[in-house]
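Thanks for coming. I have one structure to go through today, and I will keep to its strands and how they pair.

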Amino acid sequence: DVYKRQPVTNIEVCDDDTDGDDTNGFVQSIDLESQTSTILGTQNSSDFTVTYHESSAEANSGTNPLSSPFTNTTVNQQTIYVRVVNDDTGCVNDDYTFDIIVNPLPDFTVTTPQIVCLNGPELILSVENSAASYDFEWTDTNGNRIFGSQITVTSGGLYTVTGTTTDGTNCSRTREIQVNESIIA
């Protein structure tokens, strides 16, 4: 069977804030149709109709095809069932499945605002409550990038830190820290 020779990989995405919550395991912009070329391989896509479904029964019957972009309806991981119809012969293959995997964003906090004393010691900004090991990149008020879990600052302004997962999912989250200037009386 020509369809079974084409492996279908899972779709992995990072959780996002489109729905107002970047920790809930739902993403609203999943491109199901990106799988079509892999499923059909070298076959002419105009000879086939490929639809995506939430259950095996729906893929088998061809009912309730999902629209793309798709919003997952099961938190964090959901199996999608594929129906391929040869438009010339009417033959159907509904053996394909793949998973949508929603990966979490880095979980860490920073304290903002903070105060740097212009005639006192330097201020060290650091990542707090890091839930795992992440790669951190800071951006200072001049646009300079500094890598690590902390940065030393001597002037006020808006600083950012971006944490990126190190588990291969490459999900990232950015936090802002407002630093205000003060002088010891």
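I will take the two sheets in turn, starting with the four-stranded one. Please keep in mind that this is a predicted model.

A general reminder before the details: strands of a sheet pair through backbone hydrogen bonds, either parallel or antiparallel.

So, the sheet of four strands. It is open, its order is S1-S4-S3-S2, and the pairing is mixed. At the edges are strand S1, residues 11–14, and strand S2, residues 48–53. Each of these has a single partner strand, so one side of each has no neighbour in the sheet. From one strand to the next, the twist averages 25 degrees.

Now go to S2 and its partner. S2 runs antiparallel to strand S3, residues 77–86, and six bridges join the two. If you want specific positions, take Val 50, whose bridge partner in S3 is Val 84. Phe 48 stands opposite Asn 86, which is also in S3.

S3 is also paired with strand S4, residues 92–103. That pairing is antiparallel as well, over eight bridges. One position to look at is Gln 77, which has Ile 101 in S4 as its bridge partner. S3 and S4 form a hairpin, with five residues between them. In the turn you will find Gly 90, with a positive phi of about 80 degrees.

How many of the ten residues of S3 are buried? Seven are, with buried taken as under 20% relative accessible area. S3 is therefore largely enclosed by the rest of the structure.

On to the other sheet. This one is open too and has five strands, in the order S5-S11-S10-S7-S8, again with mixed pairing. Which strands are at its edges? They are strand S5, at 114–117, and strand S8, at 145–147, and each pairs on one side only. Neighbouring strands in this sheet are turned against each other by 30 degrees on average, with direction ignored.

Within this sheet I will pick out one pair. Strand S10 covers residues 157–165 and strand S11 covers residues 172–182; they run antiparallel and are joined by eight bridges. As an example, Thr 162 has Thr 174 in S11 as its bridge partner.

To recap, we have an open four-stranded sheet and an open five-stranded sheet, both with mixed pairing. That is what I had; questions are welcome.

Note on methods:
Residues numbered from 1 in each chain as written. Predicted model: local features only at pLDDT ≥ 70, side-chain atom pairs only at ≥ 80, totals over all residues. Heavy atoms only, no water. Pairing = 2+ DSSP bridges. Axes fitted to C-alpha atoms, helices over the stretch in contact; angles between N-to-C directions. Buried < 20%, exposed > 50% of the residue type's maximum accessible area, 1.4 Å probe, protein only.
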